[in-house]
Amino acid sequence: PSCWYPCFPTDLVTPVKSFLNILDNLSIRCPVKECDEEVSHGKYGQHLSGHKEMKEGELYSYINKGGRPRQHLLSLTRRAQKHRLRELKRQVKAFAEKEEGGDIKAVCMTLFLLALRAKNEHKQADELEAIMQGRGSGLHPAVCLAIRINTFLSCSQYHKMYRTVKAVTGRQIFQPLHALRTAEKALLPGYHPFEWKPPLKNVSTNTEVGIIDGLSGLP
């Protein structure tokens, strides 16, 4: 019941739990054609959402007639997004556990992929599919290192090119400089662990010795 008395949401208080329990246990007959099932008030919303024919049920479902306008999902905070998508998250989790071995991430990313394809966003879909398959959308560090060496780019010149491409395209096509230096380091002599066979007298067994002369100790 409503008295239409003007008030703010802060003036309202939550009803006592005993009243809510009584309210939720009230029986309601479903208004959808060829259903006529009696459900409790607390489970009515969930029951109604299961029907494909919602036109006749809209009169009985909750409608927000005032207050703040409904904000776009992407403009909400993470907490508010979780709250709004709580029921969808529960349904996706139930489906993933039943059909996909509990892999919720794969289900969500595939849904996003299908949504991109449906809107003809095939370029973004291809990039997402590459990431899902572990291929990534950028070049391998060794390829970027070869590009830098073959084009005679210094580290600072490469870093400038990397930042420019990333700013213009919005994608990290090239690898950052530290990834190239790691790849370069792996190619240097002395990087890989080694041991003398047979072990030499008065020579440290430590393998972290940096670059060594492969001919040292030979006659």
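Two residues are in contact when they have heavy atoms within 4.5 Å of each other. The model examined here is predicted.

Tyr 158 is found in helix H8. Leaving aside neighbours within four places in sequence, Tyr 158 is in contact with Cys 144, Arg 148, Leu 153, Phe 174, Gln 175, Leu 177 and Leu 180. One of these partners, Cys 144, is 14 residues away in sequence. The C-alpha atoms of Tyr 158 and Cys 144 lie 9.4 Å apart. Tyr 158 has a relative accessible area of 0%, so it is buried.

Tyr 158 also belongs to the largest nonpolar core. This core has nine residues. The other members are Cys 144, Leu 145, Tyr 162, Val 165, Phe 174, Leu 177, Leu 180 and Ala 183. Three helices each supply at least two residues of the core: H7 (141–150), H8 (155–169) and H9 (177–187). Another core lies apart from this one. It has five residues, including Cys 30, Val 32, Val 39 and Leu 48.

Leu 177, a member of the largest core, touches Cys 155, Tyr 158 and His 159 when residues up to four places away in sequence are not counted.

Arg 148 is found in helix H7. Is Arg 148 buried or exposed? The cut-off for buried is under 20% relative accessible area. Arg 148 has a relative accessibility of 9%, and therefore counts as buried. With residues up to four places away in sequence not counted, Arg 148 touches Leu 153, Ser 154, Cys 155, Tyr 158, Leu 180 and Glu 184.

Notes. Residues numbered from 1 in each chain as written. Predicted model: local features only at pLDDT ≥ 70, side-chain atom pairs only at ≥ 80, totals over all residues. Heavy atoms only, no water. Core = buried A, V, L, I, M, F, W, Y, C linked by side-chain atoms within 4.5 Å. Buried < 20%, exposed > 50% of the residue type's maximum accessible area, 1.4 Å probe, protein only. Helix = DSSP H or I, 4+ residues; strand = E, 2+ residues; numbered from the N terminus.
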